[in-house]
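This report describes selected local features of one structural model. The sequence and the structure are shown first.

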Amino acid sequence: MMELLTAAQMRAIEHEAIESGEVTGLDLMERAGAGVVAAIFEEWPELERVGQEGGPEGGAAPDPADPPRGILGKMKVLVLCGPGNNGGDGFVVARLLQARGWQVDVFLYGNPIDLPPDAAENYRRWAAVGEVRTWNDREIRDLYEGDATSRFLVVDALFGTGLTRPMPDDTAEMWRGFMPSPIVSDGRDPGGDRFVAIDFPSGMCSDSGKDFGALPAHLTVTFHAAKIGHYMSLDCGSYGGSDNCGRLRVVDIGMTKTAAKGRVTLVEAGGVLGQTKRGGHKYNHGHALVLSGGHGKTGAARLAARGALRIGAGLVTLGSPRSAMFENAAQLTAIMLHQIDGAHGVSELLEDKRLNAVCLGPGLGRGMDTQAVVIAALKAQRATVLDADALTRFERNPQVLFDLLHEQCVLTPHGGEFAKLFPDLAAKLAQRPQTGPAYSKVDATREAAARAGCVVLFKGADTVIADPTGRCSVNSAQYDRAAPWLATAGAGDVLAGFITGLLARGMSPKAAAEAGAWLHVECAREFGPGLISEDLPEQLPAVLRRLERDG
Ligand SMILES: NC(=O)C1=CN([C@@H]2O[C@H](COP(=O)(O)OP(=O)(O)OC[C@H]3O[C@@H](n4cnc5c(N)ncnc54)[C@H](O)[C@@H]3O)[C@@H](O)[C@H]2O)[C@@H](O)CC1
Ligand SMILES: Nc1ncnc2c1ncn2[C@@H]1O[C@H](COP(=O)(O)OP(=O)(O)O)[C@@H](O)[C@H]1O
Ligand SMILES: [K+]
C-alpha cells in the first residue's frame, strides 16, 4: 500500500529514523542525492554516457557521428541550491555528477552560514571540488542563454517540503525565462534541456500541490514516499497541481517507518483485486436499483445501470417514471425496468429487501420531485450512491440532506457539485494561499465526509475519497495513469453505477468507492483517446480479466 505523506509526517519519520540510530541526517542526504542521480539516468539512459569513456564529455561536443539520443550539443549541469536541506541535496547531486565527468555550475540562493548542518556539510564538500556562486539572476540567465551550443540539465534544489510562503519574485521570473517549451504532463521528450526537481518543483506546496510560484519540471524525484501535493491536480479552483512535476519517481533512502496517524493512501490494483473477485449465484451478488429521470432525460441513468451490471451486480432494475417507460424499454435488455412514480413509488418498491443498493442522481432532474424521491430512498436505509441532481437539488439547504445521510451512503460530487453542498470548504480550497502548508483537496474532502456523515468521493484527475472517521485515499488519473479523455459527458454517471454495483455486491462504501474509481480509470485507459461514456462499462471484462490474471 503506497502512502502519501504530508511534510510534517515526512519530518517525523526522518526524525524517528535518526533518533533510533538507524541512520544519520547526512546519510539520508547522501542517499537522496545519489537517488536523484540514479533517477536521472533511469529516466534518460542516454545521459549516462556523458562524461564517460567512449561517450561525450560534459562540456565537450559529442561525436557528431554517434550523438547520444536527444542530445544535440554539449551537455552541462546547472544546480540551483536553496537555503535549506533541499539545497543540501543539490550540493550532493553536483558533487556526484562532477565526479562522473560532467561540467557543473552551482548557484546558492541564501547565505552559506545560515545553511542547516547537513546542508552546510555538503556545501563544504562541494566547495572543496567546485565553486559555489552567489545567486545572481542575471548571471544565471547569461550562463544559460549565452550558450546556444549546449544543452542543460537544470537541477532545482531551491525549496522542497520546507516551502512556507510564495516564491521570491526573482527566482520565479528567472525560471520562466528558462523554460524552453511548455512542460507536458507526461514529461516525455523534453527536447534537449532537462529540468529536474529535487523532492518538489520549488514553489509547490508539498501538502496541497498549490502554487506559490512553482517552477515546473520534466522529472521530479522524491524520497521514501510520495507526498500528497505530488498527487493534487489543477481542478476545482485549487492553484498548482501535479502537472508541475512532469514525471514522478520515488527513491528509497532506507527508512522503514510509515506515518503514525492521519495517513492517506493511494488506491492501487492490489487493494481492488480482493474486492472484485467473482463467483457464486446472481442472487448472491445483490440487486441494484437505479432511478431514471423523466422523458428525454433517461440516458444518464441507463449509463449508470449498465455500469452497475457490468461490474457484477447480480440484477439491476431501472426505476422509471411512467413518462419515460417506452423510451427506457426501447433501449434495455439485460437490465430490468420497473415503473415508479414519485416518492411514494420509491418507498413501496424498497419494501422489497432484495433491492440492496440504490443509485440516485444521474438525470434525475431538478424538479420538486427529486428532493422527495431522494428523501424517500434515504429513509429506506439502503447502500446508496448520490450523484448529480440528487446533490445539487439540496443546494439551498444541504443540512436537510446531511440529516438523512447514513453510513451506507456515498456522495460523488465533482467540483461544482461539491461547491453547492459545501460552499465554505470549496471557497477555502479555491483561495490563493499566502502561507503553507496550504488547505488541500484532502483536507476539504475529509471535512465534507465528517459533515455529511458518510463517504465522500470528490472527483477529478485526483479523486479524493474520505470517510467520516478521516480515513482517506486518492485515486490518481495522473502520471502513468493519466486519462484526460475521461472528462467526457456521462463518465460520472458510469462511475456512480460502478460504485452502486459494487455496493450491491456487498462491499463497504469506502471500498466500493475506491474500487469503482480505480476501475473507472482503468477502463478509460483500456479504451484510450476517443472514449465516450458508453464505452466505459464495455471495457470492464478486459480490465477485470487482466486484474485476475496479474493478481
Ligand atoms: N525530511 C527528510 O526525511 C529528508 C529531507 N531531505 C531534503 O530536505 C528538504 C526539506 O528541507 P528543509 O526542511 O530544510 O526545507 P527546504 O530546503 O525545502 O527549505 C527551507 C528553507 O527555505 C526557506 N523558505 C521557505 N519558503 C521560502 C520562500 N518562499 N522564499 C524564501 N525562502 C523560503 C525557509 O526559511 C528555510 O530556510 C526536502 O525537500 C528534501 O529535499 C533529504 O535530504 C532527504 C531526507
Ligand atoms: N482530467 C481528468 N483526468 C482523469 N479523469 C478525469 C479528468 N477530469 C474528470 N475526470 C473524471 O471524469 C468523470 C467526470 O464526471 P462528471 O464531472 O460527473 O461528469 P458527467 O456529469 O458528465 O458524468 C469523473 O470520474 C472524474 O473524476
Ligand atoms: K526543489
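The sections below treat a predicted model, beginning with a strand and its partners and ending with the surroundings of a ligand.

## Strand β13 and its partners

Strand β13 spans residues 355-360, and 6 of its 6 residues are buried. Strand β10 (residues 287-291) pairs with β13 in the parallel sense, over 4 bridges. Within this pairing, V358 in β13 is the bridge partner of L289.

Strand β14 (383-386) is also joined to β13, in a parallel arrangement with 4 bridges. Here A383 in β14 is the bridge partner of A357. Together with α11, the strands β13 and β14 form a β-α-β unit, and this unit is right-handed.

## The loop leading into β14

Q381 occupies the loop between α11 (368-379) and β14. Because 13 other C-beta atoms lie within 10 Å, Q381 counts as partly exposed.

Leaving aside residues up to four places away in sequence, Q381 touches H406 and Q408. The C-alpha atoms of Q381 and L405 are 8.8 Å apart, although 24 residues separate the two along the chain.

## Uncommon backbone geometry

Most residues other than glycine have a negative phi, and most peptide bonds are trans. Three sites in this model are described against that background.

D199 is not a glycine, yet its phi is positive, at about 70°. The residue lies in the loop between β6 (194-198) and β7 (219-223). D199 counts as buried because it has 28 C-beta neighbours inside 10 Å, where 20 or more suffice. H224, likewise a residue other than glycine, has a positive phi near 70°. Its position is in the loop between β7 and β8 (247-251). With 24 other C-beta atoms within 10 Å, H224 is buried.

The third site is a peptide bond: the one from G436 to P437 is cis, and its omega is near -5°. P437 belongs to the loop between α15 (423-430) and α16 (441-452).

## The shell around ligand 2

Ligand 2 is surrounded by 18 residues, of which K459, A461, A477, A487 and G492 are the closest. Helix α17 (residues 491-504) supplies the largest share of this shell, with 4 residues. By residue class, the shell around ligand 2 comprises 10 nonpolar, 6 polar and 2 charged residues.

Notes:
Residues numbered from 1 in each chain as written. Chains lettered and ligands numbered in written order. Predicted model: local features only at pLDDT ≥ 70, side-chain atom pairs only at ≥ 80, totals over all residues. Helix = DSSP H or I, 4+ residues; strand = E, 2+ residues; numbered from the N terminus. Buried ≥ 20, exposed ≤ 12 C-beta atoms within 10 Å, placed from the backbone. Contact = placed C-beta atoms within 7 Å. Near = placed C-beta within 6 Å. Nonpolar A, V, L, I, M, F, W, Y, C, P; charged D, E, K, R; others polar. Pairing = 2+ DSSP bridges. Right-handed = clockwise from strand over helix to strand, strands pointing away.
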